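Visitor: I've got a new model open and I'd like to learn to read it feature by feature. Could you walk me through it?

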Amino acid sequence: MNQVWVNLINNVIKFTPDGGHLTIKIERHDDQIAVSVNNDGPLISPTDQDHLFEKFYQADNRSNVGRLGLGLAIASQIIALHQGRITVVSNPADHTTFTVYLPSKGSAK
């Protein structure tokens with residue numbers, strides 16, 4: 001799971017503008033833990049949101065030059081191996097938030 005947190009936090013920092021804000025939040029929801037990382041950087045288009053967790057996919061963004069587009073795909077696979085899931089919401093009201101849902105101790109199937 002360390003690689004998941006490194007990938008997500010690095011992305012949040014990378015896409016937070018100077019003077020911007022980022023938030024990391026951990027909450028318990030019934031039988032799962034939700035870890036959210038949020039920033040007020042550039043929004044991710046709905047089309048890009050649909051593909052972010054695919055290997056080698058890169059959103060149309062000049063700062064991706066030289067990158068392979070593997071970080072979120074790797075994170076997604078690790079999370080799935082832990083019986084979890086990851087979501088992304090990116091809109092003007094909520095900014096951009098990635099949330100990792102994992103079973104809490106004793107609830108994994």
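Guide: Let's begin with what a helix is here: a DSSP run of H or I with at least four residues, numbered from the N terminus. By that rule, Leu81 lies in helix H3. Keep in mind that this is a predicted model.

Visitor: How many helices and strands are there in the protein chain?

Guide: The protein chain has three helices and four strands. Going along the sequence, the pattern reads α-β-β-α-α-β-β.

Visitor: Back to Leu81, then. Is Leu81 buried or exposed?

Guide: Check its relative accessible area against the cut-off: anything over 50% is exposed. Leu81 comes out at 66%, so it is exposed. There's a long-range neighbour to look at too: the C-alpha atoms of Leu81 and Met1 are 9.9 Å apart, although 80 residues separate the two in sequence.

Visitor: Which residues of helix H3 are buried?

Guide: Buried means under 20% relative accessible area. In H3, which spans residues 71-81, that gives Leu72, Ala73, Ala75, Ile78 and Ile79. These buried residues pack against helix H1 (2-14) and two strands, E3 (85-91) and E4 (95-103). Just past the helix, look at Gln83: it follows H3 and has a positive phi, near 60°.

Visitor: How should I read the packing of H1 on H3?

Guide: Start with the axes, then the handedness, then the residues. The axes of H1 and H3 come within 9 Å and cross at roughly 145°, and the crossing is left-handed. On the H1 side the contact uses Gln3, Val4, Asn7, Leu8 and Asn11, while H3 brings Gly71, Leu72, Ile74, Ala75, Ile78 and Ile79. Sorted by class, that contact has seven nonpolar, four polar and no charged residues.

Visitor: And the core: which residues have the most contacts inside the largest one?

Guide: The general idea is that nonpolar side chains tend to be buried together in soluble globular proteins. In this model the largest nonpolar core has 15 residues, and the ones with the most contacts inside it are Val4, Leu8, Leu52, Ile79, Ile86, Phe98 and Val100. H1, H3, E3 and E4 each give two or more residues to this core, with H3 giving the most, four. Over the whole chain of 109 residues, 31% are buried.

Visitor: Phe98 caught my eye. How many aromatic pairs does a search of the whole structure find?

Guide: One. To name its geometry, use the angle between the ring planes: over 60 degrees counts as edge-to-face. Phe53 and Phe98 have 90° between their planes and 6.3 Å centre to centre, so this pair is edge-to-face. The partners are 45 residues apart, with Phe53 in the loop between helix H2 (46-49) and H3, and Phe98 in strand E4. Their surroundings can be read by accessibility: Phe53 is partly exposed at 23%, whereas Phe98, at 8%, is buried.

Visitor: Let's finish with a strand residue. What does Ile26 touch?

Guide: Leaving out residues up to four places away in sequence, Ile26 touches Ile33, Ala34 and Val35. Ile26 sits in strand E1, residues 22-29, and its relative accessibility of 63% makes it exposed. Its C-alpha is 9.0 Å from that of Val37, eleven residues away along the chain.

Visitor: What share of the chain's contacts is long-range?

Guide: Take contacts between residues at least 6 apart in sequence: 54% of them join residues at least 24 apart.

Note on methods
Residues numbered from 1 in each chain as written. Predicted model: local features only at pLDDT ≥ 70, side-chain atom pairs only at ≥ 80, totals over all residues. Heavy atoms only, no water. Buried < 20%, exposed > 50% of the residue type's maximum accessible area, 1.4 Å probe, protein only. Contact = heavy atoms within 4.5 Å. Core = buried A, V, L, I, M, F, W, Y, C linked by side-chain atoms within 4.5 Å. Axes fitted to C-alpha atoms, helices over the stretch in contact; angles between N-to-C directions. Left-handed = near helix turned anticlockwise from the far one by under 90°. Nonpolar A, V, L, I, M, F, W, Y, C, P; charged D, E, K, R; others polar. Phe/Tyr/Trp six-rings, centres within 6.5 Å; stacked < 30°, edge-to-face > 60°.
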